[in-house]
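Biologist: Please take one part of this model and look at it closely, then place that part in its wider surroundings. I would like each term given with its cut-offs, since I will want to compare them with my own.

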Amino acid sequence: MNVIDARQLVKRYGANAALDGFDLQVPPGRIVGLIGPNGSGKTTALKAVLGLTTLDSGELVINGLTPWTHRAQLMAEVAYIPDTGILPRWMRVSDLVDYVAGVHTRFDRARAEAMLARTDINASRPVRVLSKGMQVQLHLALILAINARLLVLDEPTLGLDVLFREQFYDTLLNDYFEGERSILITTHEVREIEHVLTDVVFMARGKSRLAASIDEIREQYTKLTLTTGNTPLEGFIGRRQTLAGVECIYRNVPRDVLARAGAVSVPDLVELFVAIMEAPHA
Amino acid sequence: MHEWHDNEPIYLQLRTTVLHRILAGTLAEGEAVPSVRQVATSERINPLTVSRAYQLLVDEGLLEKRRGLGLFVTTGAGNKARTSEREAFLNVEWPRIRQRMDALGIDPHSLLKSEDA
């Protein structure tokens, strides 16, 4: 059973459709990157799959539950970090831990405290005096200590310096081993997570433009770097001029055919993203 | 962190890294390899990718599982690694090098002679 099964979600704000027939399937135990330009509907999609927003139409099942009718049960099984700091600034760190322990049935206090002990966060200080990086660390410790089957992270490393980013991924990957948990993550920093992901979803204008596992991408997409004098084979989905020569990206074209025109390799996620986003609408 | 290239899936590149370390002796026979968790976090890659590389090395007889202790370099792994690398060189790399030499008009015999001189 999929952890998330979203079909043809539509969410309109006036004349604009933030979600315009959005599909998303997330199987258990996967780390899925939701990647798209600003305004493509990522945050709305995340809120929708958590049941935090109403929809104009579409079918949505999370862990076998419908979010609007099984809200309390569902909230016990998912954990979410939004892209803006929402921890109450006036609360002391230790009080916040008490609070979450009090309201969340699946919160493992010892685990949260162990994670916090690895940071420089002083538990007796209020949230407002913590740096942005520390606030993210605190939030992450609270959320990861919840034994949830689905973890949803919206731009978790935005505004963090290199060291905090390192620690963030360390904590996330370490925690990932604790269970068959799925992670859905949005970010603009594609390069820093591309090897962590098992699957990617490219999103544009409220729709999914590509949903595939990393293995499927390796099988289906090829980058051809043309050797001098050769003209590109027809059928590429993206083309650009680089120092190495003209690079074209193809889908489902046999590599041995392409290899006659130049050097073939697998495009990285950024190259693929650019090609698919710039390609004419299907 | 490791620099990955795009020509090969990462799990194969990881396998090659371990193989080269066994060949070089920096991973000795009987020595433990880092856990999946350690590799995944230090290289920032998916744990499944690391497991896949390790499984391949187990299948090739270069690593073995010791229950509850983790993965270890097998006895005789050095020889096995050498054999498989020699094969890879002779069957894959050498034909490529040969092709390139032909394209550049370099004669292998004269090259060897000039090295001896």
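Modeller: What follows begins with one helix and its packing, and then moves outward to the other chain.

This is a predicted model, in which local features need pLDDT of at least 70 and side-chain atom pairs count only at pLDDT 80 or more, while totals for chains, interfaces and linings use all residues. Residues are numbered from 1 along each chain as its sequence is written, and chains are lettered from A, with ligands numbered from 1, in the order in which they are written.

The part I have chosen is helix 1 of chain B, which covers residues 10–24; helices (H or I, at least four residues) and strands (E, at least two) are DSSP runs numbered from the N terminus. From its first C-alpha to its last, this helix of 15 residues reaches 21 Å, close to the 21 Å expected at 1.5 Å a residue, where the expected span is 1.5 Å times one less than the number of residues. Just after the helix, B:Gly25 takes a positive phi of about 85 degrees.

Within helix 1 of chain B, the buried residues are B:Ile10, B:Leu14, B:Arg15, B:Val18, B:Leu19 and B:Ile22. Here a residue is buried if 20 or more other C-beta atoms lie within 10 Å of its own, exposed if 12 or fewer, and partly exposed in between, with C-beta atoms placed from the backbone. The buried residues of this helix pack against helix 3 (47–59), strand 2 (70–73) and helix 4 (77–104) of chain B.

Of these partners, helix 4 of chain B can be described in detail: its axis and that of helix 1 of chain B are 9 Å apart, and the two helices pack at an angle of about 120 degrees. Axes are lines fitted to C-alpha atoms, for helices over the stretch in contact, and angles run from 0 to 180 degrees between N-to-C directions. Their crossing is left-handed, a label used if the near helix is turned anticlockwise from the far one by less than a right angle, with right-handed used if clockwise. Helix 1 of chain B brings B:Leu19, B:Ile22 and B:Leu23 to the contact, and helix 4 of chain B brings B:Ala77, B:Gly78, B:Ala81, B:Arg82 and B:Glu85; two residues are in contact if their C-beta atoms, placed from the backbone, lie within 7 Å. By class, the residues of this contact divide into five nonpolar, one polar and two charged, where Ala, Val, Leu, Ile, Met, Phe, Trp, Tyr, Cys and Pro count as nonpolar, Asp, Glu, Lys and Arg as charged, and the others, Gly among them, as polar.

Moving outward, chain B is met by chain A, 15 residues of which are in contact with 13 residues of chain B. On the side of chain A that touches chain B, the largest share, five residues, comes from helix 6 (residues 162–176) of chain A, and that side holds eight nonpolar, four polar and three charged residues.

Chain A itself has ten helices and 13 strands, and its C-alpha atoms fill a box of roughly 70 × 40 × 35 Å, taken along the principal axes. Of its 282 residues, 38% are buried. Among contacts in chain A with a separation of 6 or more, 69% join residues 24 or more positions apart.

The largest nonpolar core has 95 residues, and those that touch the most other members are A:Ala45, A:Val49, A:Val78, A:Ala141, A:Leu150, A:Val152 and A:Leu184; such a core is a set of buried Ala, Val, Leu, Ile, Met, Phe, Trp, Tyr and Cys residues joined through C-beta atoms within 7 Å. Helix 5 (residues 132–144) of chain A gives the most to this core, with seven residues. Residues up to four places away in sequence aside, A:Val78 touches A:Leu50, A:Ile62, A:Ala148, A:Leu150 and A:Val152.

Finally, two residues of chain A call for a backbone check. Most residues other than glycine have a negative phi. A:Glu155, in the loop between strand 6 (150–154) and helix 6 of chain A, has a positive phi near 50 degrees, and A:Glu155 is partly exposed because 18 other C-beta atoms lie within 10 Å. A:Asn252 also has a positive phi, of about 55 degrees; A:Asn252 lies in the loop between strand 12 and helix 9 (255–259) of chain A, and is exposed, with 9 other C-beta atoms within 10 Å.
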